[in-house]
Amino acid sequence: MMAPTTDSAGNTEDAAAARASLETLRTEIAKAVVGQDPAVTGLVVALLCRGHVLLEGVPGVAKTLLVRALASALELDTKRVQFTPDLMPSDVTGSLVYDTRTAEFSFQPGPVFTNLLLADEINRTPPKTQSSLLEAMEERQVTVDGTPRPLPEPFLVAATQNPVEYEGTYPLPEAQLDRFLLKLTIPLPSREDEIAVLTRHASGFDPRDLRAAGVRPVAGPADLEAARAAVAETTVSAEITAYVVDICRATRQSPSLTLGVSPRGATALLAAARAWAWLTGRDYVTPDDVKALALPALRHRIQLRPEAEMEGVTADAVISSVLAQVPVPR
């Protein structure tokens, strides 16, 4: 076997260093957020796949703090937009402003021009404003007055929504839900984790001052770029590809659903599984990688029948049932 060239050896070293840096994220973010490792992993997977994340959880489970801590640990620029009923699309994307000194219009960038956009309570703003993110999420640009303006790289939208309070909200349409690579549910902490949270606050922890909490940058855009290149080299066998397709096709035949997973959903699941395989130290994807990412990658891409919802069936239960039924490749 031929020895690797200098370039390939250098790329391997860069990828290994990037993986080590990303692995330390959990330790760094844990200085601010207690017990949310799955959500941290999901956000990192989304960054590696150039995808976006929908965070769902009741108020007070550190959704906003989690995103802010991630941005600090990755040395990324971040901005937060509180989505409200009176928010206008231009408040997100930016607009043309008349300059009296030059007698010309100039573009004033909105908060979407950042690396990590926190769209807080995205379902509290009308569809007109929600749709202002569609082009940004899909095309990674914003068009104002016919001129496309590229967004910074990396770019990730982390949107939050409250699953229990629907009065005065505007549910995201299927087309926009499909733009999110993953939907992560943020659970209430365990008793031990909640005690740890209160102990930190009693000791003077201030969630508004992450530097004082000890959160330091442990990775950056260069690490993400090296990691993405390594993920792109991760092997996906024909059997794994067929397994992903079979899972998604099975959802379309489920009697509990009116809408199954689209081909875009299958692509998202495969991409997420590939990133997860690389993060765990392998250069190939296994069926377990697909199973590990199936719930976050697919739960927001299916639609339950009303009668199934009345019987207490959940999207996660349907996907778990499908995973149990579809033959696993050996």
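## A tour from Arg299 to the central strands

Start by selecting Arg299, which is buried, with a relative accessible area of 12%. Keep in mind as you click around that this is a predicted model. Now add Asp316: the two side chains meet in a salt bridge, 2.9 Å from N to O. Arg299 sits in the loop between helix H13 (287–298) and strand E11 (303–304), while Asp316 belongs to helix H15 (residues 315–325), so the pair ties together parts that are 17 residues apart in sequence. Asp316 itself is partly exposed, at 26% relative accessibility.

Next, pick Arg50, Glu153 and Arg228, which are joined into one network by salt bridges that share partners.

A search of the whole structure turns up 13 salt bridges, so here are some others to look at. Select Lys31 and Glu28, whose side chains meet at 3.0 Å, N to O. Which of these two is the buried one? Glu28 counts as buried at 8% relative accessibility, whereas Lys31 is partly exposed at 33%. Then jump to Asp206 and Arg208, where the closest N and O atoms are 3.5 Å apart. Here Arg208 is exposed, with a relative accessible area of 69%, and Asp206 is partly exposed at 30%.

Time for some rings. Show Trp278 and you'll find Arg19 over its face, 4.5 Å from the ring centre. Do the same with Tyr284: the charged end of Arg282 sits over that ring, 5.6 Å from its centre.

The whole structure has two aromatic pairs. One of them is Phe107 with Phe113, an edge-to-face pair at 5.7 Å centre to centre and 70° between the planes. Both Phe107 and Phe113 are buried.

For something on the surface, select Leu96, Tyr98 and Phe105, which make a nonpolar patch of about 310 Å². Tyr98 is part of strand E3 (residues 94–99) and is partly exposed, with a relative accessible area of 44%.

Last stop: strand E5, residues 116–120. Five of its five residues are buried, so the strand is largely enclosed by the rest of the structure. Leu116, Leu118 and Asp120 are on one side, with Leu117 and Ala119 on the other, and both faces are covered.

What does E5 pair with? Strand E2 (residues 78–82) runs parallel to E5 and is joined to it by five bridges. Strand E8 (residues 156–161) also pairs with E5 in the parallel sense, over four bridges. Finish on Ala119: its residue partners include Val81, across a bridge to E2, and Ala159, opposite it in E8.

Definitions and conventions:
Residues numbered from 1 in each chain as written. Predicted model: local features only at pLDDT ≥ 70, side-chain atom pairs only at ≥ 80, totals over all residues. Heavy atoms only, no water. Buried < 20%, exposed > 50% of the residue type's maximum accessible area, 1.4 Å probe, protein only. Helix = DSSP H or I, 4+ residues; strand = E, 2+ residues; numbered from the N terminus. Pairing = 2+ DSSP bridges. Phe/Tyr/Trp six-rings, centres within 6.5 Å; stacked < 30°, edge-to-face > 60°. Lys NZ or Arg CZ within 6 Å of the ring centre and 35° of its normal. Patch = residues over 30% accessible without salt bridge, like charges linked within 9 Å, V, L, I, M, F, W, Y side chains within 5 Å. Areas by Shrake-Rupley, 256 points an atom, 1.4 Å probe, with all protein chains shown as cover. Salt bridge = Lys/Arg side-chain N within 4 Å of Asp/Glu carboxyl O.
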